[in-house]
Amino acid sequence: MTEEPTFADLRVLDLSTGVAGAFCGRLFADYGADVIAISKPDATPPLSEGKRSVTLDIAAETGGLLFRAMVEKANVIIETFADGKLESLGLAFPQLQAIKRRIIVVSLQDGVNDASSHFAALNAFAAASLAAFNADSHEIPQHIRIAADECLAAVAGYPAGDVPSDAPLFTSSTVGWARGEAPTLGEHNAEIYGELGVPSEELARLREECAV
């Protein structure tokens, strides 16, 4: 009898810098997925409890190559870049799909407040979870785009683009739970890059160049 897939079978690359993307990634971690928070070397990542942390500048030539190698082993990518940013780096959805046929990409935009951003994260988490579990059987990659304010407007009855900053919904204390402590920035560099076959001396050189 074939075992049902679980979240422990999923690897998520979290490139997000805002609340919505980071919280979506933390929800995956809460449910047991291997979530790797990818941050620039000088970043301050939010909501990183339960995730593994690596530093990486995907805009650098070597950083881009390392990221592509990480995509080969991933199921879901979460990103919150401005429109056109990934395309400029050669990492648009079709290019990511060429690296990993069944990849799920989640593009999120933060809202006017944490409530709307959290609500978008919940929608993104639900959609990406279903897509990831169906990807293996149907081999259908998906690019999921979610704007926080549009999600909240649809549910709360606000006109699109006119969500007030004090719109009530819920707070982070009422959804999700943390799995373990937040890692230090780049805590898992040696572990994860070692999985990709990067020797320690090469990692040290890349660190000096601020690529990782």
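**Note on the cavities, pockets and central sheet of a predicted model**

1. The second largest cavity has a volume of about 40 Å³. Its lining consists of Arg11, Ile36, Met70, Lys73, Ile192, Glu195 and Leu196. By class, these residues comprise 4 nonpolar and 3 charged, with no polar member. The reader should bear in mind that the model under discussion is predicted.

2. The largest cavity likewise holds about 40 Å³ of space. Asp14, Ser16, Ala22, Ala37, Ser39, Pro45, Pro46 and Lys51 form its lining. This lining divides into 4 nonpolar, 2 polar and 2 charged residues. In total, the count of cavities of 30 Å³ or more comes to 2.

3. The sheet deserves separate comment. Six strands form an open sheet in the order β3-β2-β1-β4-β5-β6, and their pairing is parallel. The edges are occupied by β3 (52–55) and β6 (142–147); each has a single partner strand, so one side of each lacks a neighbour in the sheet. On average, neighbouring strands of this sheet are turned by 20 degrees against each other, direction ignored.

4. The strand register can be followed through individual residues. Strand β1 (residues 11–14) pairs with strand β2 (residues 34–39) in the parallel sense over 4 bridges, and Leu13 stands opposite Ile36 in β2. β1 also pairs with β4 in the parallel sense, over 3 bridges; here Leu13 stands opposite Ile77 in β4. The parallel pairing of β4 with β5 extends over 4 bridges, with Ile77 opposite Val105 in β5. Ile36, the residue opposite Leu13, is also among the residues lining the second largest cavity.

5. Which residues of strand β4 (residues 76–79) are buried on its two faces? Val76 and Ile78 are buried on one side, and Ile77 and Glu79 are buried on the other, so that both faces of the strand are covered. In general, side chains in a regular strand alternate between the two faces of the sheet. Glu79 is also one of the residues closest to the centre of the largest pocket.

6. That pocket contains about 310 Å³ of space. Its lining comprises 22 residues, and those closest to its centre are Glu79, Asp83, Ser107, His143 and Arg145. At least two lining residues are supplied by each of α3 (85–88), α4 (93–99), β5 (104–109) and β6. The edge strand β6 therefore contributes to this lining. By class, the lining has 12 nonpolar, 5 polar and 5 charged residues.

7. The second largest pocket has a volume of about 260 Å³. Leu15, Thr17, Ile38, Lys40 and Phe81 lie nearest its centre, among 17 lining residues. The lining divides into 10 nonpolar, 4 polar and 3 charged residues.

8. Helix α2 (residues 61–71) presents a sided pattern of burial. Its buried residues are Gly63, Gly64, Leu66, Phe67, Met70 and Val71. These cover an arc of only 165 degrees around the axis, which puts them on the same side of α2. Glu61 and Leu65, on the other side of the helix, are exposed. Met70, one of the buried residues of α2, also belongs to the lining of the second largest cavity.

Terms used
Residues numbered from 1 in each chain as written. Predicted model: local features only at pLDDT ≥ 70, side-chain atom pairs only at ≥ 80, totals over all residues. Heavy atoms only, no water. Pairing = 2+ DSSP bridges. Axes fitted to C-alpha atoms, helices over the stretch in contact; angles between N-to-C directions. 1 Å grid on protein atoms, 1.4 Å probe; cavity = no way out; pocket = protein on both sides within 12 Å on 5 of 7 lines; lining within 4 Å. Points joined across faces, edges and corners; volume = space filled by probe spheres on them. Nonpolar A, V, L, I, M, F, W, Y, C, P; charged D, E, K, R; others polar. Buried < 20%, exposed > 50% of the residue type's maximum accessible area, 1.4 Å probe, protein only. Arc of directions from axis to C-beta.
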